[in-house]
Amino acid sequence: DANLVLRHFNQNGVHGLIQISTHSNGDQAEVHHAFAGYRWQHGDVRINAEAGRMAGMFSPFNPEHASTRLFSESAIAMDVFLGRQLNDEGMRASVRWQGWIIGAEGWRGSGFPATPGDGGGAVDVFGHYQWSNDKIQIHTGAWWLQADALDRIDNRYSSGHSHGTTVVQTPEWFFSGETTLTGVFVRTRWQLAKQWNLLFDAQWIEQTVEGTLADDCRIE
């Protein structure tokens, strides 16, 4: 990974972030995040509102890059269910109070598993809890996401493959319908000694899909 981040935050609570990123698979550098927001705080209560291009915060596993994960490869469930990372244009509102984080996000639908435009888009809600002392840190929570798609293309199998001198092109697949994801997670860090930490990450995701699947000549 290579990331260039420009961040601004002023005393009135107005903030913004622009991040340009490239990855080891040969992708060109692109604007990964570009959003602005406002933070209001009263006592222990803090309210955030943000809009722009950003990664979903419903799960702490979603915003991660290879350089920030425990392992460089992402979890297979994130790859299959969310295209590795839900990063899209949208809006987010969240409330933080005494370790609790409650929030909701709405998305244009440019990121898998949704599509943009009529009949598309995605929404999610989440609740997190964070606790720590001198030796232990715990971050746990649950989230729910619904993504709507209209004629979503799946081109993972359309690059073609050869049998001898013949190249076979597989058809593109189209999905129209609703995908619902529910997840729970826990992350812990235990400082065993001054230079030793024990970390444990776990996430469970359930997916429900309802809709129509079709290719160039079939539908079901």
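This report describes the core, the strand pairing and the salt bridges of one protein model.

The model is predicted, and local features are described where pLDDT is at least 70, side-chain atom pairs count at pLDDT 80 or more, and totals for chains, interfaces and linings use all residues. Residues are numbered from 1 along each chain as its sequence is written, and side-chain values use heavy atoms, with hydrogens and water left out.

**The nonpolar core**

A nonpolar core is a set of buried Ala, Val, Leu, Ile, Met, Phe, Trp, Tyr and Cys residues joined through side-chain atoms within 4.5 Å. Buried stands for a relative accessible area under 20%, exposed for one over 50%, and partly exposed for values in between, with a 1.4 Å probe and protein chains only. The largest such core contains 20 residues, and the residues with the most contacts inside it are F58, L82, L86, W143, L145, L181 and I205. Two or more residues of this core come from each of α1 (76-82), β6 (100-107), β7 (121-132), β8 (136-154) and β11 (173-193). The names α and β follow DSSP runs numbered from the N terminus: helices (H or I) have at least four residues and strands (E) at least two.

What does L145 touch, apart from residues up to four places away in sequence? Its partners are F58, L86, V123, D124, T179, T180 and L181. Contact here means heavy atoms within 4.5 Å. T179 and T180 also touch T208, as does E178, when neighbours of T208 within four places in sequence are left aside. T208 belongs to strand β12 and is partly exposed, with a relative accessible area of 37%. Although T208 and T180 are 28 residues apart in sequence, their C-alpha atoms are 5.1 Å apart in space.

**Strand pairing**

Two strands pair if DSSP finds at least two bridges between them. Strands β4 and β5 pair in the antiparallel sense over eleven bridges, with V45 opposite W97 in β5. Strand β5 also pairs with β6, again in the antiparallel sense, over eight bridges, and M91 stands opposite G106 in β6. The hairpin of β5 and β6 has two residues between the strands, and Q98 takes a positive phi near 50° there.

**Salt bridges**

Side chains of opposite charge can pair when their charged atoms come close. A salt bridge is a side-chain nitrogen of Lys or Arg within 4 Å of a carboxyl oxygen of Asp or Glu. The structure holds eight salt bridges, among them the three in the table.

| Acidic residue | Basic residue | Closest N to O distance |
|---|---|---|
| E89 | R53 | 2.6 Å |
| D201 | R187 | 2.8 Å |
| D215 | R218 | 2.6 Å |

E89 lies in strand β5 (residues 87-97) and R53 in strand β4 (residues 45-55), so their salt bridge ties together parts that are 36 residues apart in sequence. E89 is partly exposed at 27% relative accessible area, and R53 is partly exposed at 25%.

The pair of D201 and R187 ties together parts 14 residues apart in sequence, because D201 lies in strand β12 and R187 in strand β11. Here D201 is partly exposed, at 25%, whereas R187 is buried, at 18%.

D215 lies in the segment after β12 (196-214). Is D215 buried or exposed? D215 is buried, with a relative accessible area of 9%. Finally, salt bridges that share partners join E50, R92 and E105 into one network.
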